[in-house]
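Let's walk through one sheet together, strand by strand. Keep the 3D view open as you read.

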Amino acid sequence: MTRTSKMAMALTGVALFSGIALLSQTNLPPLPDIRVFKVDPEKYPEVVRKVQGQIMVVAGAGSQVSVLPGDSGLLIVDDQYKEMSPKLLAAIKTISAKPIRYAINTHMHPDHMGGNEAIAMLGATIFAHDNVRIRLMGGLPPGAAPAPNPAGGRGGAAPAPTPAIALPVVTFSDPINLHYNGEEIAIVPSPKPSHTDGDAFIYFKTSDVLAMGDVYTTDYPAINPGNGGTSQNVIDDWNYALDHFIGPNTKIVPGHGQISTRADLIALRDATIAIRERFRKMVKDGMTLDQVKAARPTKEFDQRFALENVGHNEIVSTDAWYGIMYNEAKNGQ
Ligand SMILES: [Zn+2]
């Protein structure tokens, strides 16, 4: 047994007692990827891990949370489900006892902004896209059609009602830069509606880490047709990120799933393009959705990207994704 694996085992032992594991070795177990309707915090330990440079990640249930600690306090990106707040705050404290000064929501979904209330109560300032605030207040952004599936899922419904203290205080629809703890941070709205109409990328330039929210999860793309999302819009957003932020050494923190590299995102992009071509061909050949499902046009990609193989997900399934891809092909998108 190597020194490193002994150390990892020792830390895992600590994790059993504290529910929190602080690990920075290679060959680590996957980060938790838990997406559920009913959150039982007892069941989900928080894992703390170094990403690169100054950036850490906390993963429990809901979004992966990027953390920038430093002398001036902490800045975090996304804050999991509301129910996880006590455990999330405890996990963040293991990184630094300094106060959380800033929290940025990558978008409006409750698994990414549910912790806003607890964090704002501690004095943090919340940042998010203009449309996040509008939707959290129950409104519709200018020009937006009501989501056809307001019950949630990937239909784009915001949690309601959102207490005033949990609302973003600083909102944006153009890129902004923050300078904090020696880190240069670009907050850039994603150019196309893909996951929602209020997604933002957060690029930690100094550490070369990009948080992509749910525009990139490490499974088949989370397209929301209810917010104008299409597979092409997702691909356009990915290409924008590849062109503007993601270099050979960049580490990507996805909205859900595992820390990734440029090669991982390109693999998912190319798989999505290949799968979409197959859907188009099958629809052109007159196949029904059931026939397409039986033909399994995703088969050689499923091991790596099917939701069921990469995390615990009660909110969406590959089956539902087939429906979205099939409808797109049918509508000529
Ligand atoms: Zn989301």
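His179 has Glu184, in strand 11, as its bridge partner. This is a predicted model, in which local features need pLDDT of at least 70, side-chain atom pairs count only at pLDDT 80 or more, and totals for chains, interfaces and linings use all residues. Residues are numbered from 1 along each chain as its sequence is written.

Strand 10 and strand 11 (residues 183–189) run antiparallel and are joined by five bridges. Strands here are DSSP runs of E with at least two residues, numbered from the N terminus, and two of them pair if DSSP finds at least two bridges between them. Strands 10 and 11 make a hairpin with two residues between them, and Asn181 in that turn has a positive phi of about 55 degrees.

Now step across to strand 12. Strand 11 is joined to strand 12 by five bridges, again running antiparallel, and Val188 has Phe201 in strand 12 as its bridge partner. Next, strand 12 (residues 200–204) pairs with strand 13 (residues 209–211) in the antiparallel sense over three bridges. Here Ile202 is matched with Ala211 of strand 13.

So what is the order of the strands in the whole sheet? The sheet is open, has five strands in the order 10-11-12-13-14, and shows mixed pairing. Strand 10 (176–180) and strand 14 (251–253) stand at the edges with a single partner strand each, so one side of each is left without a neighbour in the sheet. Neighbouring strands are turned by 20 degrees against each other on average, direction ignored, with axes being lines fitted to C-alpha atoms.

Terms used: Helices (H or I, at least four residues) and strands (E, at least two) are DSSP runs, numbered from the N terminus. Axes are lines fitted to C-alpha atoms, for helices over the stretch in contact, and angles run from 0 to 180 degrees between N-to-C directions.
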